[in-house]
Amino acid sequence: MNAPNYNKASFLLSVAELSQLPTDVGVEVAFIGRSNAGKSSAINSITNIKGLARTSKTPGRTQMITYFTLDETRRIVDLPGYGYAKVPLPIQQRWQQTVNQYLQTRKSLRGLVLVMDVRHPLKDSDQQLIDWAVACQLPVHVLLAKADKLSRAQAIETLRSVKFMLAQHEELVTVQLFSSLKGTGAGIGDAQKQLDQWFSKDS
Ligand code: GDP
């Protein structure tokens with residue numbers, strides 16, 4: 001199958017309950033990350049559609065699973081941000097359960113894009129997610145987002161150390177620097193290439 005045209009992405013629906021998910025056929029790739037890591041901005045940059053995913057100055061605001069379609073069989077999924085302290089614990093836990101259940105049961109899920117702020121990589125919740133994904137053989141592509149917030153040397157050093165920490169899983173877990181501010185070295189093309197691979201496998 002050809003690589004999708006990310007710029008053709010369009011909003012499909014937002015759901016609060018797994019029973020409302022679209023039919024589980026075709027291929028989907030889900031974006032996940034701690035609140036404020038830069039996940040929505042990453043979706044907007046990769047599709048080159050401003051405002052497709054809602055970015056927010058108040059992290060944790062959107063607690064829905066949002067679907068964007070690329071074509072009839074392929075979808076991008078925006079999972080709710082986790083680990084935002086201002087969201088009451090019972091709500092966080094309910095969402096954790098919903099997301100876990102989605103991750104465990106969704107047959108069309110081909111890969112996870114895990115977005116981390118390059119200045120705060122591999123928090124416990126990120127590590128748990130990676131361990132879980134590795135245990136069930138689901139590929140993970142890590143975006144070390146907001147790379148423009150560090151000097152080039154610092155960003156490369158962070159990339160090196162995160163790769164080192166994840167080296168035991170290198171067949172399933174890949175890592176790159178990313179910036180939604182576009183420009184050279186933003187890594188948007190690299191992220192698209194990873195998605196191309198997942199989306200190009202037959203469903
Ligand atoms: P989300 O909660 O993970 O979806 O994060 P958002 O995409 O809403 O981004 C959180 C904040 O970080 C917003 O104020 C964004 O403008 C900012 N941000 C996101 N990505 C980048 C980036 O690559 N570079 C910089 N400098 N800021 C970013």
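Does Asp71 count as buried, partly exposed or exposed, and at what relative accessibility? In this predicted model, Asp71 counts as partly exposed, because its relative accessibility is 27%, which lies between the 20% limit for buried and the 50% limit for exposed residues.

**View 1. Asp71 and Arg74 form a salt bridge.** The closest N and O atoms of the pair are 3.0 Å apart. Whereas Asp71 is partly exposed at 27% relative accessibility, its partner Arg74 counts as buried, with a value of 5%. The surrounding elements are strand E3, residues 65-69, and strand E4, residues 74-78, which pair in the antiparallel sense over 4 bridges. Within this pairing, Phe68 has Ile76 of E4 as its bridge partner.

**View 2. An open sheet is built from 7 strands.** The strands follow the order E1-E3-E4-E2-E5-E6-E7, and their pairing is mixed. Strand E1 (10-15) and strand E7 are the edge strands, each of them pairing on one side only. From one strand to the next, the twist averages 20 degrees. Helix H2 packs on this sheet, where it touches E1, E2, E3, E4 and E5, and its direction makes about 150 degrees with that of E2. Helix H4, comprising residues 152-165, lies across E6 and E7 and runs at about 175 degrees to E7.

**View 3. Helix H3 packs its buried residues against one helix and several strands.** Spanning residues 124-135, H3 has 12 residues and reaches 16 Å from its first C-alpha to its last, close to the 16 Å expected at 1.5 Å a residue. The buried residues of this helix are Ser125, Asp126, Leu129, Ile130, Ala133 and Val134, and they pack against helix H2 (89-105) as well as strands E2 (27-33), E5 (109-117), E6 (140-145) and E7 (173-177). After H3 comes Gln137, whose phi is positive, near 65 degrees.

**View 4. Asp126 of helix H3 is buried yet has no salt bridge.** The nearest side chain of opposite charge belongs to Arg34 and is 5.0 Å away, a separation that does not meet the 4 Å limit for a salt bridge. Neighbours within four places in sequence being left aside, Asp126 is in contact with Arg34, Tyr82, Leu114 and Met116.

**View 5. Asp117 and Arg119 form a salt bridge.** The closest N and O atoms of Asp117 and Arg119 are 2.8 Å apart. The two partners are described by separate accessibility classes: Asp117 counts as buried at 8% relative accessibility, while Arg119 is partly exposed, with a relative accessible area of 35%.

**View 6. Glu157 and Arg160 meet in a salt bridge within helix H4.** The side chains meet at 3.0 Å, N to O, and the two residues lie 3 residues apart, about one turn of the helix. In general, an α-helix has 3.6 residues a turn, so residues three or four places apart point the same way. Both partners are partly exposed, Glu157 with a relative accessible area of 41% and Arg160 at 48% relative accessibility. Elsewhere, Asp24, Glu28, Arg75 and Arg106 are joined into one network by salt bridges that share partners. A search of the whole structure finds 8 salt bridges.

Terms used: Residues numbered from 1 in each chain as written. Predicted model: local features only at pLDDT ≥ 70, side-chain atom pairs only at ≥ 80, totals over all residues. Heavy atoms only, no water. Expected span 1.5 Å × (residues − 1). Buried < 20%, exposed > 50% of the residue type's maximum accessible area, 1.4 Å probe, protein only. Contact = heavy atoms within 4.5 Å. Pairing = 2+ DSSP bridges. Axes fitted to C-alpha atoms, helices over the stretch in contact; angles between N-to-C directions. Lys, Arg positive; Asp, Glu negative; His and termini not counted.
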